[in-house]
Structures are given as structure tokens and as C-alpha cells.
Amino acid sequence: MVYHFRLVVVSSGGTVKGEDMTFTTGSRCTLASLTLDPGALVPAFDATKFDYGATVPFATERITLTPVLADASATLTINGTAATSGAAAPIDLAVGPNNIALRVALADGSLARDYTVAVTRLPEM
């Protein structure tokens, strides 16, 4: 969100000075949703949380993440590669831990937020 406000100060002598200011909060720089298939995020997606985990069986060689931006004008990368909001992104998994980095950034680059999904692919039994 972008907020605009005007600050006005009056001195003891009656001099008035005012200034317009704006600031941006990070709510435009977040995901509206994030899903994993197959599997489930732990904890369940919450726009105020940025670190997730999941465990999948050995037979799962690939997952898809589907992130949706809260602000369509923001940009999205998954593991450093540009991604599209709402599109399923396939991710190959190695056995063991797989850290997936998502970054949401304002189009002007002034603000970015990072998400991490740590997916563990279990070993063959």
C-alpha cells in the first residue's frame, strides 16, 4: 500500500510549515497464495509467514509450486529464474533437502520479500 500524508507544524511564533510525504508498505510485495503439488506446505500458507516446509516420498521426483502475487505489478522469481504469477512451476527434487527460494519484488525494485520452501524428498526404502 502507498500512503500519503501531510505534516503541518506551527511554531510558537505562529510560523506554519507543512510537507507532503508518502511511504510504501510491504503488503504489495507479498504472495496472495502458494500451493505445492504433490504435498502440503507446513505451516499452511499464511501471507504473514515466509518459511515453509514439506516432505514428499522417494517416488516424487518433481513438484510444482504455484505462487500467486498479491499485486500483479510485482515481479516473481523462483530459484533466481523469472516466474509467472498463478502458473505452476515444476521443480526437480534430489533425495534429501531441497531449498526453494522465491522472491517477490516491486516492479521498481525498491522493495523485495523472500520466501523459502524446504522440501525433503525421503530416501528409497
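This passage describes the fold, the core, the surface and a few individual residues of one protein chain.

The structure is a predicted model. Its chain has 125 residues, and these are arranged into 10 strands and 0 helices. Reading along the sequence therefore gives a simple pattern, β-β-β-β-β-β-β-β-β-β. Buried residues make up 28% of the chain. The accessible surface comes to about 7,500 Å², with 57% of that area belonging to carbon and sulfur atoms. Contacts also reach across the sequence: among those with a separation of 6 or more, 55% join residues 24 or more positions apart.

A good place to begin looking is the sheet. Here 5 strands form an open sheet with mixed pairing, in the order β4-β10-β9-β6-β7. The edges are held by β4 and β7 (81–82); each has a single partner strand, so one side of each is left without a neighbour in the sheet. The word "mixed" can be followed in two of the pairings. Strands β4 and β10 run in the parallel sense and are joined over 6 bridges. Within this pairing, Gly53 has Ala118 of β10 as its bridge partner, and Asp51 stands opposite Thr116 in β10. Strands β9 and β10, in contrast, pair in the antiparallel sense over 10 bridges. One bridge to β10 joins Val104 to Arg113. As a general point for reading such a sheet, side chains in a regular strand alternate between its two faces.

The β9 and β10 strands also form a hairpin, with 6 residues between them. In the turn, Gly109 has a positive phi of about 75 degrees. Ala107 lies in this loop too, between β9 (96–105) and β10 (112–121). Is Ala107 buried or exposed? Its relative accessibility is 59%, and because the cut-off for exposed is over 50%, Ala107 counts as exposed. Ala107 nevertheless has partners from elsewhere in the sequence: leaving aside neighbours within four places, Ala107 is in contact with Ser73, Ala74 and Thr75. The C-alpha atoms of Ala107 and Leu76 are 9.6 Å apart in space, while the two residues are 31 apart in sequence.

Inside the protein, the largest nonpolar core has 24 residues. Those with the most contacts inside this core are Ile63, Leu65, Ile100, Leu102, Val117 and Val119. Two or more residues come from each of β3 (31–37), β4 (51–56), β5 (62–69), β6 (75–78), β8 (89–92), β9 and β10. Val119 shows how such contacts bring parts of the sequence together. Not counting residues up to four places away, Val119 touches Leu36, Ala54, Val56, Ile63, Leu93, Gly96, Pro97, Asn98 and Ile100.

A loop residue can be buried as well. Thr30 is found in the loop between β2 and β3, yet its relative accessible area is 9%, which means that Thr30 falls under the 20% cut-off for buried. Setting aside neighbours within four places in sequence, Thr30 is in contact with Leu69, Ala70, Val104, Arg113 and Tyr115. Val104 and Arg113 in that list are the bridge partners met earlier.

The surface has a nonpolar patch formed by Val8, Val10 and Val16, which together have about 270 Å² of accessible area. Val16 is placed in strand β2 (residues 16–24), and a relative accessible area of 54% makes Val16 exposed.

Charged residues complete the picture. Side chains of opposite charge can pair when their charged atoms come close. A search of the whole structure finds 2 salt bridges. One is between Arg62 and Asp92, whose closest N and O atoms are 2.8 Å apart. This pair links distant parts of the chain, with Arg62 in strand β5 and Asp92 in strand β8, 30 residues apart. Arg62 is partly exposed at 46% relative accessibility, whereas Asp92, at 54%, counts as exposed. Another salt bridge joins Arg103 to Asp114, with 2.6 Å between the closest N and O atoms. Here Arg103 belongs to strand β9 and Asp114 to strand β10, 11 residues apart. Both residues are partly exposed, Arg103 with a relative accessible area of 40% and Asp114 with 43%.

Key
Residues are numbered from 1 along each chain as its sequence is written. This is a predicted model: local features need pLDDT of at least 70, side-chain atom pairs count only at pLDDT 80 or more; totals for chains, interfaces and linings use all residues. Side-chain values use heavy atoms; hydrogens and water are left out. Helices (H or I, at least four residues) and strands (E, at least two) are DSSP runs, numbered from the N terminus. Buried means under 20% relative accessible area, exposed over 50%, partly exposed in between (1.4 Å probe, protein chains only). Contact means heavy atoms within 4.5 Å. A nonpolar core is a set of buried Ala, Val, Leu, Ile, Met, Phe, Trp, Tyr and Cys residues joined through side-chain atoms within 4.5 Å. Accessible areas come from the Shrake-Rupley method with a 1.4 Å probe; for residues, only the protein chains shown count as cover. Two strands pair if DSSP finds at least two bridges between them. Patches are made of residues with over 30% relative accessible area and no salt bridge: like charges are joined within 9 Å, nonpolar side chains (Val, Leu, Ile, Met, Phe, Trp, Tyr) within 5 Å. A salt bridge is a side-chain nitrogen of Lys or Arg within 4 Å of a carboxyl oxygen of Asp or Glu.
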